[in-house]
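The following exercises concern the architecture of a protein model and the spaces within it. Each task is followed by a worked solution.

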2 protein chains.
Amino acid sequence: MGGTTLHQSGDGYQAWLGFHRIAPGELYDQYAVYNRITVTEKDDIVRTAISELSRGIASILGNEPEVAESGVGVPCIAIGTFGSNPIVDRTFGNDTRSAVGPEGFAIKSDKDNRCIAIGASSGSGILYGVFHLLRLMSTGATIDKLDLVENPVNMLRMINQWDNIDGSIERGYAGKSIFYANNRITGDLERVRDYARLLASSGINAISINNVNVHKYESMLLTQEYLPDVAKFAAIFRSYGIKLFLSINYASPLEIGGLSTADPLDPAVREWWRGKAAEVYAAIPDFGGFLVKADSENRPGPFTYDRDHADGSNMLAEALKPYGGIVIWRCFVYNCKQDWRDRTTDRARAAYDHFKLLDGRFMDNVILQVKNGPMDFQVREPVSPLIGAMEATNQMIEFQITQEYTGQQRHLCYLIPQWKEVLDFETYAKGEGSSIKRIVDGSLYGNRFSGFAAVSNIGNDANWTGHLLAQANLYGYGRLAWNPELAAEGIAEEWIRQTFGGNEKLVRTILGMLMESWSIYESYTAPLGVGWMVNPDHHYGPNVDGYEYSKWGTYHFADCYGIGVDRTQASGTGYAAQYRGANYDRYESVESCPDELLLFFHHVPYAHVLHSGKTVIQHIYDTHFEGAERAEQLKAKWDSLTGSMDEGLHKQVASRLAEQAEHAKEWRDMINTYFYRKSGIADQLGRKIY
Amino acid sequence: MGGTTLHQSGDGYQAWLGFHRIAPGELYDQYAVYNRITVTEKDDIVRTAISELSRGIASILGNEPEVAESGVGVPCIAIGTFGSNPIVDRTFGNDTRSAVGPEGFAIKSDKDNRCIAIGASSGSGILYGVFHLLRLMSTGATIDKLDLVENPVNMLRMINQWDNIDGSIERGYAGKSIFYANNRITGDLERVRDYARLLASSGINAISINNVNVHKYESMLLTQEYLPDVAKFAAIFRSYGIKLFLSINYASPLEIGGLSTADPLDPAVREWWRGKAAEVYAAIPDFGGFLVKADSENRPGPFTYDRDHADGSNMLAEALKPYGGIVIWRCFVYNCKQDWRDRTTDRARAAYDHFKLLDGRFMDNVILQVKNGPMDFQVREPVSPLIGAMEATNQMIEFQITQEYTGQQRHLCYLIPQWKEVLDFETYAKGEGSSIKRIVDGSLYGNRFSGFAAVSNIGNDANWTGHLLAQANLYGYGRLAWNPELAAEGIAEEWIRQTFGGNEKLVRTILGMLMESWSIYESYTAPLGVGWMVNPDHHYGPNVDGYEYSKWGTYHFADCYGIGVDRTQASGTGYAAQYRGANYDRYESVESCPDELLLFFHHVPYAHVLHSGKTVIQHIYDTHFEGAERAEQLKAKWDSLTGSMDEGLHKQVASRLAEQAEHAKEWRDMINTYFYRKSGIADQLGRKIY
């Protein structure tokens, strides 16, 4: 009967910061000792840390702890940057201090468990340390004999909001923006603050607050009309150790500057951006910098003026440099007006082809932001070969937390396992040991700037993410950005315990559901890495030919004989040759290409036999029948948890899982019917295909 | 060098009422005699007629005619209802008078060509007579020795506007509404008046001014907030002999009436509608009545209350009856949430299945409005078997002038030949001689009300219809509604001469283009009557599977062996059995089914040989290659007219034809590629298929 009890509001708003009350028992006694916080500093972020720690402990124990400037001799939690708090300074030696980086922290219990010290080099480190301790307490961990040092592995741990100032969210599946409505910033800044808490607690330290597609009103965020509002957001995020960035419109000099060009080599344009940077930094002295989508999907960019991306980004970087600002330049550049009849152009090649040859030409405060795969956040694609291909250029990776192509938060899809595969991918960029995670953390090439970015999945739905279980992706993203070595299971379990409490059956059940959810979603959607079999525009639901005759460079080439895209060097688009060494060999050969990416790299007959021993067509049938069945089982598993959590939370997830189970059948039948009609090959098991 | 000269403004706004100045010559001399109009009446419509006649003659001759109350002894055009004008009364004998119906007219020149008399029983008849005379003069016809009587064949000759009060137009392809903007009526009533002129000149006598899908604000047209505005429209149309109707929301008693039900058998609901009718007729004494889309595509209706369409429509008819108003009840009722896996439900059957058994239950001021085909205005469908199947029920036919599925006024598609085929279709409803036109004109069953309705193709584009040549469809619709015996070629030629003048090469060229345009459009789009291979929602452009796995009941069932929908009684949905006698036999049998409807009625292998001698697959390839080529030729033909018309008019059409030629290639390639990939059968001529 030990462990925490359940205490939920039922709407999921508290997310993983609900801090369930702990039941009387051994752990309660261990935690309850620490009913006093000592701190001497009054710094903004330290104040946040104190407030979070008080609030968390009050919730877990039922009593608000005392906060004092000293606490020698009594049980306490002492927090402070090194040199500010006698208990902290007494606790940590020089070795520990030097091991703690700018955003890191150390936590140590004294020998008789009467004091826990949290020391750091900065307010942010304190805040992360506090959230770490709260995480231990809210996952039911023991906190005696603590002795640890943590530093974030990645310098930038960033969230990209794709919010528009009219209140809509591009690819948002959880309501409207919490930032904007009706072309102004929201009146509800408390909600923004609550979002900052969630982000900081998972380790996030940067946020861009508007959509990378920057339209008329969003362009004006850089003007005096909106900068005071932007500064309000910056202040909120600052108090949680999060730097604020803006997505900018490359054509701003024309659209808001009254110039007749946005040519990056034009002196007047450069001068305009320098002035604009000065203006922004006057309003927000610790402003992070600009996020830029240029020359992509009809957005303006340097190509308009026959300049390249280095010219384009360096011009902005020069303007931001005096203030320590950075330019994050997205590499999602491809021909979005392709003729579907043209089989030589390959969208998958585009980012590498555009950027690789610019290596070395970018200023050191430019970072290229590269999507994890070469296409666009499909449920399965290979890892982008551009990551690691530019040794003299800062790079960061972009993930998509919002489930654009992975069920739009109506289907369950825990994405951390997918991201882990990407991060662990061996690129051979500098020989063995050149995994993606070592490139994006900057260690492989010793980059000045590097890190993670991801598109947020939140909106103003009460539970933030629409599907309650999709909170695990937001939480997990932050944790993984902090430390890519964390296991997907471990992150999931942390999240479950913090969100639902420690009932072991519940924890095991939800953990199992999360861990198999990506595989389930993959199994009933587009097969074998081919991707894109979705309805155009909104990207929800099955449509095998939805992108087949389009201008978007997204094809499967299925005919009555076979399916897949030949991207080999030998006979196809040559994309496979963008990979190095063993990766190239593996993808180039139809024999060695992994099953799950076969159709991404090769066009094969339906009767082609996979490594699994099945034919391609039978694989399609089997995975789709099984996937729909497994979606049903997800629902059944959740149903088995009735009564073991707040009824409101249970109901909201149950309804999404029921919808998923139904929709999975639609996927199953549409995909199977399409391929049965096209191939004429019957299912070996004679199941119903329409 | 005779004939009229060209004189155009270049934007097409004048449409067919440009009345080009006639060049000096024989015809000029003949026309110029009539420079005086005599009339004694001051009736609203007669005043319109005088104004139109003056304006037309002034434009044709260059001199404004004199208008006087008498004109005995001098050359004149005398107009008047019988008994009002001495010249008119002197001209027409009793036989003629009794041959002229309520909206008809007689025109006669006196023996020495010094006077033309236009006599009628009503102001409307006068107006139609005036437009008839002007049509003769503006098509370069001789007007000596005139002696004719014309009566409209159809009682209702109606236009349905699908305009929404926010200014948008459902299925509108020529700009925004000329009636509404921003949830109010337009400020530009002159444009509405100019539209009324166009309609009256082609013979239209009724209009519904809002979309059949009636949403929140449109429902309020029935309230005091909007009725004064509606009355303004009614006044404009009244002066051109056109009765005004409103589309109503069946749920009005709930939405604007504050009742808790819209049950047609509920006394309070009946009372509410009676009161509403009184209110409407108080504002508009000659109000036409209600147009109703109920229980269709998510619109409310009597089904909600377990009532049927007779209950639903009779309730409204009862409310309108005291005022002579009528209820036009659309039969476009089907299951729009069909499961694509369900092959037993057939949307084509729906209208007949829903309405046939209600025959005899409708009040005599109810008219059922039936679309020309069983599906939805496809480029090719069979004729609706419901038309003529209800001998004790008033019916009218609905056409779609706006080119929703026929190129959206970006492609040229002259629709009169399609409508003629429908009208001439022999139903065998009362044995031989039971053509559709005899049913919808009311003569076959002696209906009290009957006629034509059609969805307008106009918007606020300068030229009304987006594609200038699409004006021919609006003009032609009115002419055909007046007299279904008119030939498609004749109507086209009238329109061309009035619009572009009488250059013979120009007339022949455009006539040829119009007459082959439907066949061209059909040839490069969905083959052999199967329909629906368009992009969902907006319905523009090719998408073979666009509606294949949808809920809309719109399938082609193509697999690697064959294609088509089995609608036979023997093995399919049984739809063919809704036809009578020889029609049933012809459609039921794959041998006798006409090629152009083969895939509508039968599922056949790609190697099935058509009556044309070609296989289905080769037919698909051939028609698509030819269609795209013929679209190119349309462009070339138009180009050959450079210099023979106003440059502005020439340019606007040239640009649409260029777009069509390009888009036809997209159709060609997408359809051919789809079927080549699916069938694996090569083109016999080895042409390029992707």
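The model is a predicted one.

**Exercise 1. Determine how chain A and chain B are related, and which residue of chain A comes closest to the rotation axis.**

Solution. Step one is the general frame: two copies of a chain are related by a rotation about an axis and a shift along it. Step two is the superposition: chain A falls on chain B after a rotation of 180° with a shift of 0.1 Å along the axis, the RMSD being 0.0 Å. This is therefore the relation of a two-fold axis. Step three concerns the surface in contact: 100% of the contact residues of chain A recur in chain B, and the same surface thus serves both copies. Step four locates the axis with respect to the chain: A:Lys678 comes closest of the residues of chain A, with its C-alpha at 2.8 Å.

**Exercise 2. Describe the open sheet of chain A: what is its strand order, and which strands stand at its edges?**

Solution. Begin with the order, which is β2-β1-β3-β5-β4-β6 in chain A, six strands with mixed pairing. The edges are β2 (66–68) and β6 (147–150) of chain A; each has a single partner strand, so one side of each is left without a neighbour in the sheet. On average, neighbouring strands of this sheet are turned by 15° against each other, direction ignored. Next, take one pair in detail: strand β4 (residues 105–109) of chain A runs antiparallel to β6(A), and four bridges join them. Within β6(A), A:Glu150 is the residue opposite A:Phe105. Finally, add the helix: α5 (residues 123–138) of chain A packs on the sheet, where it touches β3 (76–81), β4, β5 (115–120) and β6 of chain A. The direction of α5 makes about 145° with that of β5(A).

**Exercise 3. Trace the closed barrel of chain A and place helix α13 with respect to its strands.**

Solution. The barrel has eight strands in the order β7-β10-β11-β12-β13-β14-β15-β16 of chain A, and the pairing is parallel. Its neighbouring strands are turned by 25° against each other on average, direction ignored. For one pair, consider β7 (residues 156–160) and β10 (residues 206–208) of chain A, which pair in the parallel sense over three bridges. A:Ile159 has A:Ile207 of β10(A) as its bridge partner. Helix α13 (residues 416–424) of chain A lies across β15 (394–400) and β16 (451–455) of chain A, and runs at about 160° to β15(A).

**Exercise 4. Characterise the largest cavity and the largest pocket by volume and lining.**

Solution. Take the cavities first: the structure holds 19 of 30 Å³ or more. The largest cavity has a volume of about 120 Å³. Its lining comprises 18 residues, of which A:Cys331, A:Phe332, A:Ala351, A:Gly373 and A:Pro374 are the closest to the centre. Two or more lining residues come from each of α12 (350–355) and β14 (366–371) of chain A. By class, the cavity lining has twelve nonpolar, four polar and two charged residues.

Turn now to the largest pocket, which holds about 1200 Å³ of space. Among its 39 lining residues, A:Asn535, A:Pro536, A:Asn543, B:Pro536 and B:Asn543 are the closest to its centre. Helix α21 (647–679) of chain A and α21 (647–679) of chain B each supply at least two lining residues. The largest share, four residues, comes from α21(A). The pocket lining divides into 16 nonpolar, 14 polar and nine charged residues.

How values were computed:
Residues are numbered from 1 along each chain as its sequence is written. Chains are lettered from A and ligands numbered from 1 in the order in which they are written. This is a predicted model: local features need pLDDT of at least 70, side-chain atom pairs count only at pLDDT 80 or more; totals for chains, interfaces and linings use all residues. Side-chain values use heavy atoms; hydrogens and water are left out. On a 1 Å grid over the protein atoms alone, a cavity is a set of points where a 1.4 Å probe fits but cannot get out, and a pocket is an open set with protein on both sides within 12 Å along at least five of seven lines; lining residues have an atom within 4 Å of a point. Grid points are joined across faces, edges and corners, and a volume is the space filled by probe spheres set on the points. Ala, Val, Leu, Ile, Met, Phe, Trp, Tyr, Cys and Pro count as nonpolar, Asp, Glu, Lys and Arg as charged, and the others, Gly among them, as polar. Two strands pair if DSSP finds at least two bridges between them. Axes are lines fitted to C-alpha atoms, for helices over the stretch in contact, and angles run from 0 to 180 degrees between N-to-C directions. Contact means heavy atoms within 4.5 Å. Copies are superposed by least squares on the C-alpha atoms of residues with pLDDT of at least 70 in both.
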